[in-house]
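Visitor: I should like to go through this model with attention to its backbone, its packing and its cores. Please show the sequence and the structure first.

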Amino acid sequence: MFKRILIANRGEIAMRVLRCCQEMGIEGVVACSTADRESLPAQMAAQSVCIGPPPADKSYLNENALLEAAKRLHCDAIHPGYGFLSENAAFAEKCEEAGIVFIGPSANIIRRMGDKQTARSLMREKGVPVVPGSAGFLDSVEHALAEAEKVGYPVLLKATAGGGGRGMRTAFDASEVEKAFSEAQAEAQAAFGNGALYLEKLILNPRHIEVQILGDKKGNIIQLGERDCSLQRRKQKMLEESPASCLDDKTRQAILKTAVKAAKAAGYYSAGTVEFVLDKDKNFYFIEMNTRIQVEHPVTEMVTGVDLVREQIRVAAGLKLSVKQSDIVINGHAIECRINAEDPTNGFRPCPGKINFLHFPGGNGVRIDSALYAGAEISPFYDSMVGKVIVHAPNRLEALRRMRRALLETVIDGIPVNTDFLYLILFDPDFIMGKVDVSFMDTHMDALLKYQKDSEKKADK
């Protein structure tokens, strides 16, 4: 087992990995930018190391600085968390060359599954259903138009690299293809340094279902149930839950079996997520595989009792999984709300600043993943997510009630946060009935914002 791990990330995921290291008897060294020197992970770690100034490209994306820090501090391994370098095949390769273990899959697997078009081709070869679309990359607008005619409108132009909803544009007819192509290509090039695009048939208003996978280097691969991540704003997840209430047993078993098949096709090991879209007729299609720990991994941990980060570290050290498929039992229902430093009533504007007072909820079935503390400074340089509230209960309705109570108890003073907005969603009749797809926020946003603004006016009076 590793003696010392460099945690190459920040915020709540750095704190999550650090806690796991401490429980495993491993020294966790936190890498931080100058903006994060006073962060909770940097203060809680036995040792922290500054890797550069606030901009991510000069710190958390600075491969050489991270590797130099890992070597200098005699770290056996690097845990990349999520985002930043977590799915960067070149960085994983550099770690291997430096004799430092990258806690995740191999560079070859990241490269194979990180390129969405390559992953689609592999899945198609192995009999995994994929969304109809182009067989290769699009080399021109004319090529995109020809492929769109084959699969039929509407279509989705997608970047083959990266994720998070960037480098994606829709076209509902031929007149929209040229603009969609140029915008998606430019955004992908700016965000990922790779402007390559491919085309898919746009599945209108699907559910977003993902399956948690664990694999080891001995060839063992298991699934730990699915998560419903359909509640999104601009393709960014807001709330996740497990299990997915929209699935009947037959469809659930088919998706879980297909996810394992996809992971085996990739020769996968470590923690990973196989993502699908589910249409109104319960047809499901593979869209991509995330070769890292996910933001929403706690909901799976809550319903299975399996520590996914611990398994990641064990697998990276060459050990086999500590659980078998027969050990995995889905118990109850879990929901996660992402707490963001943003103002929903002002276009969800990010709101950096200082935390004056903080109170997180507690009680039975409540978990908080965050690096916040009273006096902490929320930096403008990074993502606005500052924490996650996760609840677990015997069934979905009780989990909803528990989450409402937990959000009511959450007090973050000093900056605007989205807890009131999330609280309102939990009372929406469609959400309560489980009538949620990726278009939910488009159709419900105005009513939710109006209700929040009216509530704030009454409170001011």
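**Loops, helices and cores**

Visitor: Phe84 is placed in the loop between β4 and α4; as what does Phe84 count at its relative accessibility?

Guide: This is a predicted model in which local features need pLDDT of at least 70 and side-chain atom pairs pLDDT 80 or more, while totals for chains, interfaces and linings use all residues. Residues are numbered from 1 along each chain as its sequence is written, and side-chain values use heavy atoms, without hydrogens and water. Phe84 is not a glycine, yet its phi is positive, at about 45°. With buried meaning under 20% relative accessible area, exposed over 50% and the rest in between (1.4 Å probe, protein chains only), Phe84 at 29% counts as partly exposed.

Visitor: What is the phi of Asn205?

Guide: Asn205 belongs to the loop between β8 (197–201) and β9 (207–215), where helices (H or I, at least four residues) and strands (E, at least two) are DSSP runs numbered from the N terminus. Its relative accessible area is 35%, so Asn205 is partly exposed. Although Asn205 is not a glycine, it has a positive phi of about 50°.

Visitor: Which residue does a cis peptide bond join to Ser242?

Guide: One cis peptide bond links Tyr153 and Pro154, with omega about 0°, and Pro154 is in the loop between α7 and β6 (155–159). Another has omega about -5° and leads into the loop between β11 (236–242) and α9 (249–265). There Ser242 is joined to Pro243.

Visitor: Where do the angle limits place α7 and α8 relative to each other?

Guide: Val141, Ala144 and Leu145 of α7 meet Val177, Glu178 and Phe181 of α8, contact meaning heavy atoms within 4.5 Å. The axes of α7 (residues 141–151) and α8 (residues 177–192) come within 10 Å and cross at roughly 120°. Angles under 35 degrees count as roughly parallel, over 145 as roughly antiparallel, 65 to 115 as roughly perpendicular and the rest as oblique. The two helices, α7 and α8, are therefore oblique.

Visitor: Which helix is among the elements covering the buried residues of α3?

Guide: Helix α3 (residues 63–72) buries Glu63, Ala65, Leu66, Leu67, Ala69 and Ala70. Just after α3, His74 adopts a positive phi of about 55°. The cover over the buried residues includes the strands β1 (4–7), β2 (27–33), β3 (47–52) and β4 (77–79), together with helix α4 (89–97).

Visitor: From which helix does the largest share of the largest nonpolar core come?

Guide: A nonpolar core is a set of buried Ala, Val, Leu, Ile, Met, Phe, Trp, Tyr and Cys residues joined through side-chain atoms within 4.5 Å. In the largest, of 63 residues, Met113, Ile213, Phe286 and Ile313 touch the most other members. Its largest share, seven residues, comes from helix α1 (residues 11–23).

Visitor: How many residues does the other core hold?

Guide: Beyond four places in sequence, the contacts of Phe286 include Met113, Val128, Val274 and Phe276. Apart from the core with Phe286 lies another, with Leu239, Phe348, Ile415 and Met441 among its members, and its size is 38 residues.

Visitor: What is the C-alpha to C-alpha distance between Arg404 and Ile425?

Guide: Arg404 is in helix α12 (residues 396–409) and counts as buried because its relative accessibility is 14%. Not counting residues up to four places away in sequence, Arg404 touches Tyr423, Leu426, Phe427 and Ile432. Arg404 and Ile425 are 21 residues apart in sequence, and their C-alpha to C-alpha distance is 9.7 Å.

Definitions and conventions. Axes fitted to C-alpha atoms, helices over the stretch in contact; angles between N-to-C directions.
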